[in-house]
Amino acid sequence: MAKKFDEKLKIFYILKILQEETDGEHRIFVPEIISKLADMGIQAERKSVYRDLDTLATFGFDISHDRTGCALLSRDFQLAELKLLVDAVQASRFITGDQQTELVGKLTKLTSRHQAKALNRAVRTEEGDRAQNRSILSNIDWIHAAMTDNKKLTFQYFDWTPKKEQLLRHDGKRYEMSPWALVWSNENYYMLAYDEKMDAIRHFRVDKMKLPRKSDLPREGFDTYSRFDFSKYSSKLFGMFSGEECTVTLRCENSVAGSIIDRFGTGISIFPQNDGCFTCTVPVIVSPNFYSWVLQFGKRIEIIAPADIRDGMKNLLLGVSELYK
């Protein structure tokens, strides 16, 4: 014998239909609602559906029903706000491509299926520039848990090799830091933490952390963090380039592979050489800031091509040389 449907649940299914099928531009008629309920094994009469619609409206849902049909006119998030959230997800390099798809899928459920199409059409996946560490969200949870409980955090930290392999720093020895903040800067998530040994605030890329765990020891460094000026710190460490975009070929020592991958993502092509170096071709914004970024590596990075960009570096060096004669 088929299980009898609980009549009390009908109103929730009606709300679900309105959420999925209607918005300010799309309406549905009561006979269609009754048909969809029937597909779910729910029998309903026209009058009972109208009563449920009135009850939902009385409770506070912005529901309209008249001769032109029924619709849920407003929601917690408007379409423009959802587009903003989708754009934020897409711009976040610390989220993997799979996680991006999953998060955008959840956001589309906050609007009707009609408006969800507009969100889906906006999705752009640039996997090569995205983090490859799927445990990023778990890492964030551990960091928040440590900060909430006022505890230190232990974790491993890795760099990238020229073969795009993860190499643990300090032979895998776990760091122990006092986390004080999570910041999103330069399209990456960073943990700001107090290092007792250095008596200073340090930053760590959350997507490069492995196996974070909350310590039993209390956090330290509150006074240091309370005096910390993040705006100055950010401008020094996470400066953005501005200028014209072009493709540049670099010759680099293997020791800077991590910095190259951090800057340009794992999607770049790296060509190992036989002399402890590799070459790579990367998209850059050419400006004095770009040349300054290259200069910080000294002889470890050389601009190979194009010729005008290489000449630009020569001219910059000549100008600086003249200044210090």
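Okay, let's start with the aromatics: Phe155, Tyr157, Tyr175 and Phe204 are linked by ring pairs into a cluster. Before I go on, keep in mind that this is a predicted model. Across the whole structure, a search turns up 14 aromatic pairs.

Take one from that cluster. The ring centres of Phe155 and Tyr157 sit 6.4 Å apart with the planes at 75 degrees, so we call that pair edge-to-face. And are these two buried or exposed? Phe155 is buried, at a relative accessible area of 0%, and Tyr157 counts as buried too, with 5% relative accessibility.

Now a pair with another geometry. For Trp180 and Tyr225 the ring centres are 5.8 Å apart and the planes are at 15 degrees, so this one is stacked. What I like here is that the pair links distant parts of the chain: Trp180 belongs to strand β5, residues 175-185, while Tyr225 belongs to helix α8, residues 222-226, and 45 residues separate the two. Trp180 comes out as buried because its relative accessible area is 14%, and the cut-off for buried is under 20%. Tyr225, at 25%, is partly exposed.

Trp180 has another neighbour to look at. Which residue lies over the face of its ring? That's Arg219, at 3.7 Å from the ring centre of Trp180. If you're setting up the view on your own screen, put Trp180, Tyr225 and Arg219 up together.

Right, on to the core. The largest nonpolar core has 26 residues, and the ones touching the most other members are Leu250, Ile260, Cys280, Phe290, Ile301 and Ile303. Several elements give two or more residues to this core, among them β3 (151-160), β9 (244-253), α10 (257-264) and α12 (307-323). Which element gives the most? It's β11, with five residues. As background, nonpolar side chains in soluble globular proteins tend to be buried together.

So let's stay with β11, which covers 277-286. This strand is mostly covered, with seven of its ten residues buried. Its partner is β10, residues 270-272; the two run antiparallel and three bridges join them. One bridge to note pairs Ile270 with Cys280 in β11, and Cys280 is also among those core residues with the most contacts to other members.

Last thing, the turn. Between β10 and β11 the hairpin has four residues, and Gly276 there takes a positive phi near 80 degrees. That's all from me, so over to you for questions.

Technical notes
Residues numbered from 1 in each chain as written. Predicted model: local features only at pLDDT ≥ 70, side-chain atom pairs only at ≥ 80, totals over all residues. Heavy atoms only, no water. Core = buried A, V, L, I, M, F, W, Y, C linked by side-chain atoms within 4.5 Å. Buried < 20%, exposed > 50% of the residue type's maximum accessible area, 1.4 Å probe, protein only. Pairing = 2+ DSSP bridges. Phe/Tyr/Trp six-rings, centres within 6.5 Å; stacked < 30°, edge-to-face > 60°. Lys NZ or Arg CZ within 6 Å of the ring centre and 35° of its normal.
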